[in-house]
Amino acid sequence: QVQLVESGGGSVQAGGGLRLSCSVSGVAITLGSRCMAWFRQLPGKTREGIASINRHGGTIYAASVNGRFTISSTNAGDALYLQMNNLRPEDTGMYYCAADTGPGFYCPLSRPFNYWGQGSQVTVSS
């Protein structure tokens with residue numbers, strides 16, 4: 001059974017940083033091909049993909065976070081991280097980790113993800 005559990009959310013001042021963590025369990029993810037990603041939902045907005053990582057460490061970033069956020073994962077696929085730097089008030093929202101067991105070489109943010117974390121609130125104050 002695949003489970004994703006998030007931690008690391010909180011409140012920071014603009015310009016600060018946070019690191020989100022996602023603990024992943026389940027052999028479908030840890031032993032097989034997979035993509036992993038971070039999504040967020042900002043107040044009044046729909047959910048958007050912001051970063052993905054493939055099984056080889058290749059990454060894709062949304063323009064809104066490119067250059068400020070870094071996605072990484074363990075080689076075993078049992079943990080996923082999002083390092084967020086230079087945070088802005090407009091980054092405030094709910095952040096979700098996600099995983100999928102499909103082909104793990106190309107991981108566009110438009111790809112369906114069928115395993116999700118519970119969400120973690122990030123609040124950035126000015």
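Begin by selecting Arg40, which counts as buried at 3% relative accessibility. The model on display is predicted. Next, add Asp91, which forms a salt bridge with Arg40, the closest N and O atoms being 2.9 Å apart. Arg40 belongs to strand S4, whereas Asp91 sits in the loop between strand S8 (79–84) and S9, 51 residues apart from its partner. Asp91 is likewise buried, because its relative accessible area of 1% falls under 20%.

Keep Asp91 selected and display Arg68: their side chains meet in a second salt bridge (2.7 Å, N to O). Arg68 lies in the loop between strand S6 (59–61) and strand S7 (69–73), so this pair ties together parts 23 residues apart in sequence.

Move now to Asp100 and Arg111, whose side chains form a salt bridge at 3.0 Å, N to O. Asp100 is in strand S9 and Arg111 in the loop between S9 and S10, eleven residues apart. Both residues are buried. To view the shared-partner network, select Arg40, Glu48, Arg68 and Asp91, which salt bridges join together. The structure counts four salt bridges.

Turn to the aromatic residues, where two pairs are found. Phe39 and Phe113 pair edge-to-face, with 5.5 Å centre to centre and 75° between the planes. The two residues are 74 residues apart, Phe39 in strand S4 (residues 35–41) and Phe113 in the loop between strand S9 (93–100) and strand S10 (115–116). Adding Trp116 completes one aromatic cluster with Phe39 and Phe113. Arg47 lies over the face of Phe39, at 5.5 Å from the ring centre.

Finally, select Ser120 in strand S11 (residues 120–125). Its contacts include Glu6, Leu20 and Tyr95.

Technical notes: Residues are numbered from 1 along each chain as its sequence is written. This is a predicted model: local features need pLDDT of at least 70, side-chain atom pairs count only at pLDDT 80 or more; totals for chains, interfaces and linings use all residues. Side-chain values use heavy atoms; hydrogens and water are left out. Helices (H or I, at least four residues) and strands (E, at least two) are DSSP runs, numbered from the N terminus. Contact means heavy atoms within 4.5 Å. Rings of Phe, Tyr and Trp (its six-membered ring) pair if their centres lie within 6.5 Å; planes under 30 degrees apart count as stacked, over 60 as edge-to-face and the rest as tilted. A charge sits over a ring if NZ of Lys or CZ of Arg is within 6 Å of the ring centre and within 35 degrees of the ring normal. Buried means under 20% relative accessible area, exposed over 50%, partly exposed in between (1.4 Å probe, protein chains only). Lists of a residue's contacts leave out its neighbours within four places in sequence.
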